[in-house]
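Visitor: I would like a close look at a single part of this protein, taken slowly and with its surroundings included. Could you guide me through one helix?

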Amino acid sequence: GVASARATRGALLPLSLRPEDRTSHPLHGDPSITTSFVLKVPKGAEGHKRAQVVGSVPLIYTFCGMADFQYLNIKDAERRRRRGDGKGVGHVDVSLLDVDQILDEQVEEQLQLVPPIFSKVDQPQDYNFRQTSYVGIRGGDGAGSQHNRSVFKHMLKVQFEGGRTPSEPSASLGDDPLFVEQQQEAARRLSPLFERRAVWSHAALRRRLALDGLSPSDERALPLVAYLFTQGPFRRLYVRLGYDPRTEPESRFLQVIDFRIPLEFY
């Protein structure tokens, strides 16, 4: 209530629109300091009015949430409407219930589960989802490129079926000597990682760089030490130049499991 909200500094004031409904999502009032007054304006004789300050208002609660942003349990509402008494269901001896019959009767009904907890969020907002490190910008060839085209434009991309295993970096690096010069030191730091483990995902490589105290920007030198599969069980994995995981049995432990949900699922 108001007393408990006032007792705790900064506490929200809940307002339940359906107190008898346990699934009712309360609105929350945010406390804010104000310098307002309470005026008493009695009506005098012949219509004359006189204002009198009777108190001050140091704190108010503002309810900015939408009143219709609610979880509505349709089954409970229909049950109360049919019963008409507004009371809860009485005690039932579970041993007398025919569970199989109840399940058969409810097979066509919607499954409505009460959320385990209600969030204070009662206004629509943008979620601002961040892209995962596994998903990149799709290239014009349909193979897909990594999230930073300016960095990975020199990355060799190999198809799983029939693609040759490159042992040298892309020939396009010859047209960008400044990039090669700038990334030589980073390439020397990446080489031991690929000698220790020939196949890396982007997330695993980022984690390893952090554990070794290296900068995430060192991944810019990947075109100098690795190539990229565009499909198959090693899709979007960085592989050491000259290493072919398709012919190495131990590389089966480094495959990626790619789950894709079709748009029609939603």
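Guide: What follows is a close look at helix H6, beginning with the chain that holds it. The model is predicted, and its protein chain contains 7 helices and 7 strands, which follow one another along the sequence in the pattern α-β-β-β-α-α-α-β-α-β-α-α-β-β. Of the 266 residues in the chain, 26% are buried, and among contacts between residues at least 6 apart in sequence, 57% join residues at least 24 apart.

Helix H6 itself covers residues 202–211, and its buried residues are His-202, Leu-205 and Leu-209. Seen down the axis of H6, these buried residues fall within an arc of 65 degrees, so they line one face of the helix. The general background is that an α-helix has 3.6 residues a turn, so residues three or four places apart point the same way. The opposite side of H6, the face turned away from the buried one, carries Arg-207 and Ala-210, both of which are exposed.

As for what the buried side meets, the buried residues of H6 pack against two helices, H5 (177–196) and H7 (222–225), and also against two strands, S5 (199–200) and S7 (238–240). After the helix comes Gly-213, a residue whose phi is positive, near 75 degrees.

To set this beside another part of the chain, Phe-37, Leu-39, Val-41 and Val-53 make a nonpolar surface patch of about 420 Å². Among them, Leu-39 belongs to strand S2, residues 27–40, and Leu-39 counts as exposed because its relative accessibility is 52%, where exposed means over 50%.

How values were computed: Residues numbered from 1 in each chain as written. Predicted model: local features only at pLDDT ≥ 70, side-chain atom pairs only at ≥ 80, totals over all residues. Heavy atoms only, no water. Patch = residues over 30% accessible without salt bridge, like charges linked within 9 Å, V, L, I, M, F, W, Y side chains within 5 Å. Areas by Shrake-Rupley, 256 points an atom, 1.4 Å probe, with all protein chains shown as cover. Salt bridge = Lys/Arg side-chain N within 4 Å of Asp/Glu carboxyl O. Helix = DSSP H or I, 4+ residues; strand = E, 2+ residues; numbered from the N terminus. Buried < 20%, exposed > 50% of the residue type's maximum accessible area, 1.4 Å probe, protein only. Contact = heavy atoms within 4.5 Å. Arc of directions from axis to C-beta.
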